Amino acid sequence: MTRKTADCRTYPSEMNCTLTLTGEEDEVVRAASEHAASVHGHENTPELREEIRGLLEDADEKVST
């Protein structure tokens, strides 16, 4: 499964947020939507979660085993 990344630095905001989230897609969508609501004042709705899901990028696979 491809890990996904959401990076606040790619979305302009007044607070210049630098948070980056990486993990499995559902984990990142859940955490990013909670962050968007609690930090950026967005309403955590199904529409927001789908928008976030559409903006995710594949993460660099640099996990050592």
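Me: Which strands does helix 1 lie across, and at about what angle does it run to strand 2?
Reply: Start with the ground rules. This is a predicted model, where local features need pLDDT of at least 70, side-chain atom pairs count only at pLDDT 80 or more, and totals for chains, interfaces and linings use all residues. Residues are numbered from 1 along each chain as its sequence is written, and side-chain values use heavy atoms, leaving out hydrogens and water. Helices (H or I, at least four residues) and strands (E, at least two) are DSSP runs, numbered from the N terminus. Axes are lines fitted to C-alpha atoms, for helices over the stretch in contact (heavy atoms within 4.5 Å). Angles run from 0 to 180 degrees between N-to-C directions. Here, helix 1 lies across strand 1 and strand 2, at about 155 degrees to strand 2.

Me: How are the strands ordered in the sheet?
Reply: Strands of a sheet pair through backbone hydrogen bonds, either parallel or antiparallel. Two strands count as paired if DSSP finds at least two bridges between them. In this model, three strands form an open sheet in the order 2-1-3, with antiparallel pairing. Strand 2 and strand 3 (57-58) are at the edges with a single partner strand each, so one side of each has no neighbour in the sheet. Two bridges join strand 1 to strand 3. Thr5 stands opposite Glu57 in strand 3.

Me: Which residues of helix 1 are buried?
Reply: Buried means under 20% relative accessible area, exposed over 50%, and partly exposed in between (1.4 Å probe, protein chains only). In helix 1 the buried residues are Val28, Val29, Ala32, Ser33, His35 and Ala36. They lie on the same side of helix 1, because they cover an arc of only 160 degrees around the axis. That arc is taken from the directions from the helix axis to the C-beta atoms. These buried residues pack against strand 1 (4-7), strand 2 (20-23) and helix 2.

Me: What does Ser33 touch, beyond its neighbours within four places in sequence?
Reply: Ser33 has a relative accessible area of 2%. Its contacts beyond those neighbours are Asn44, Leu48, Arg49 and Ile52.

Me: Which residues make up the largest nonpolar core?
Reply: In soluble globular proteins, nonpolar side chains tend to be buried together. A nonpolar core is a set of buried Ala, Val, Leu, Ile, Met, Phe, Trp, Tyr and Cys residues joined through side-chain atoms within 4.5 Å. The largest one here has nine residues: Ala6, Leu21, Val28, Val29, Ala32, Ala36, Leu48, Ile52 and Leu56. Helix 1 (25-38) and helix 2 (46-55) each give two or more. Helix 1 gives the largest share, four residues.
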